[in-house]
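Open the model in your viewer and keep the selection panel at hand. The stops below are given in the order in which to select them.

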Amino acid sequence: MVDSVSPALARRVALAAQGFGRPHPPAVGTRQLNGVIDRLQLLQLDSVNVFERSHYLPVFARLGAYDKGLLDRLTFPRSGRYVEYWAHEAAIIPVETWPLMRWRMQVYRDYFAQDGGWADANRPMLAWLRDELAANGPLPASAIEHESNVRRGPWWGWSDVKRGLEVLFRQGDVVTAGRMRFERTYALPEQVLPSSILERVVSREDAHAQLIEQSARAHGIGTEKDLADYFRLKRVDVRPAIARLVDEGSLLPVTVDGRRAPAWLHRDARLPRRIGADALLSPFDPVVWERARTERMFGFHYRIEIYTPAEKRIHGYYNLPILIDDALVGRIDLKNDRQARVLRVQSAWLEEGALSASVDDIAERTAALLRSAAGWQGLENIAVVGRGTLSPALESALSGAPAG
């Protein structure tokens with residue numbers, strides 16, 4: 001029985017639970033892709049693709065270069081092993097997780113049903129959207145709008161169709177049936193989900209217990225706030241779920257040396273003596289998406305600067321944390337110049353006080369990551385702009401080495 005762990009061990013436990021510390025497979029197929037999603041339980045979606053869309057990056061960080069088309073065929077078919085829902089945020093989740101979100105769908109339904117709200121005022125249109133999907137099968141919002149040249153309501157246009165579908169999506173009245181060029185296709189649940197999923201009824205209490213168990217497995221170790229954040233759960237529901245899982249033996253209460261907040265260790269968590277890892281992390285990677293946890297565990301103050309005015313940015317528009325072994329040692333702002341076929345390093349920064357190796361070693365290992373990323377993206381060259389404290393060493397490490 002483990003009663004306490006050091007902060008360093010807690011960090012290694014967390015990274016091991018997320019799939020780090022394992023060598024990249026020689027080839028990446030469906031089994032390896034399923035393995036990553038099963039371990040993480042979700043892939044958060046985001047539309048920004050200045051380097052690459054976010055949901056592709058956690059897989060690259062854990063497996064190395066792989067066929068994105070294979071991941072698309074796995075995660076975005078009309079009907080399959082995965083579906084989308086609002087988990088942490090909009091995310092790809094296993095179909096088996098969808099029934100665990102029914103309580104959240106009901107929360108949305110109650111919210112949208114309030115008198116005087118948009119959904120209340122547009123009930124006929126919501127009914128019409130369901131009828132359209134029933135009559136025509138899965139469709140993207142653009143196809144529904146394109147086909148409805150004759151309006152069935154006085155103001156229904158693109159924004160109304162899209163908004164209505166999103167309301168129905170959050171309520172669980174429609175689901176996703178894949179994506180085409182990153183646009184969602186919508187369907188009635190019975191058109192894409194198996195009857196075993198549609199008929200499965202899970203109480204709010206049981207759903208929270210299962211979600212917290214999944215969260216704890218993905219965290220390895222975490223506080224109440226950590227475990228709640230993974231699926232964006234309210235702590236009033238999380239506390240009894242944790243107590244139940246402790247009673248069942250799934251979670252083990254532990255303390256982390258020097259920290260006041262109680263923590264829980266998943267019973268199956270690995271306690272590695274070291275972690276060997278080299279990875280570029282998406283801003284929406286589970287390792288770093290809860291910023292307070294990132295700072296507590298890694299001493300790494302992280303903010304994405306997409307929404308920061310250009311003149312006020314410090315580290316760059318789309319800066320990615322650099323993971324070397326069990327430390328976040330820097331951050332790098334990347335741009336995929338697809339037309340010129342160049343991976344542009346807009347800036348690269350060392351993290352003061354968090355260096356696990358020499359600057360030259362960090363630069364060499366980061367350069368290897370960039371070569372792999374460029375090859376994965378089909379780019380021919382890497383260009384370092386020169387801004388940031390890691391840029392000189394990184395440019396030197398890259399000099400004379402071909403991309404890919």
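By class, the lining of the second largest pocket comprises 4 nonpolar, 2 polar and 5 charged residues. To see it in this predicted model, select A16, A17, R22, R39, R217, A218, G220, H266, D268, A269 and R270. The volume enclosed there is about 170 Å³. Colour α1 (7-17) and α12 as well, since each supplies at least two residues of this lining.

Next, go to the largest pocket, with a volume of about 260 Å³. Select G19, R22, P23, P25, R31, Q32, G35, V36, R39, R62 and L63, which line the largest pocket. Two elements, α2 (30-40) and α3 (57-63), give two or more residues to this lining. Which element gives the most to the lining of the largest pocket? It is α2, with 5 residues. Coloured by class, the lining shows 4 nonpolar, 3 polar and 4 charged residues. Keep R22 and R39 selected for a moment: both appear in the lining of the largest pocket and in that of the second largest.

Last, return to α12 (residues 204-219) and add α14 (residues 235-248). The two helices pack at an angle of about 70°, and their axes are 9 Å apart. They are therefore roughly perpendicular to each other. On the α12 side, show R204, E205, D206, H208, A209, I212 and E213; on the α14 side, show D237, V238, A241, I242, R244 and L245, which complete the contact. By class, this contact has 6 nonpolar, 1 polar and 6 charged residues.

Methods:
Residues numbered from 1 in each chain as written. Predicted model: local features only at pLDDT ≥ 70, side-chain atom pairs only at ≥ 80, totals over all residues. Heavy atoms only, no water. Axes fitted to C-alpha atoms, helices over the stretch in contact; angles between N-to-C directions. Helix = DSSP H or I, 4+ residues; strand = E, 2+ residues; numbered from the N terminus. Parallel < 35°, antiparallel > 145°, perpendicular 65-115°, else oblique. Contact = heavy atoms within 4.5 Å. Nonpolar A, V, L, I, M, F, W, Y, C, P; charged D, E, K, R; others polar. 1 Å grid on protein atoms, 1.4 Å probe; cavity = no way out; pocket = protein on both sides within 12 Å on 5 of 7 lines; lining within 4 Å. Points joined across faces, edges and corners; volume = space filled by probe spheres on them.
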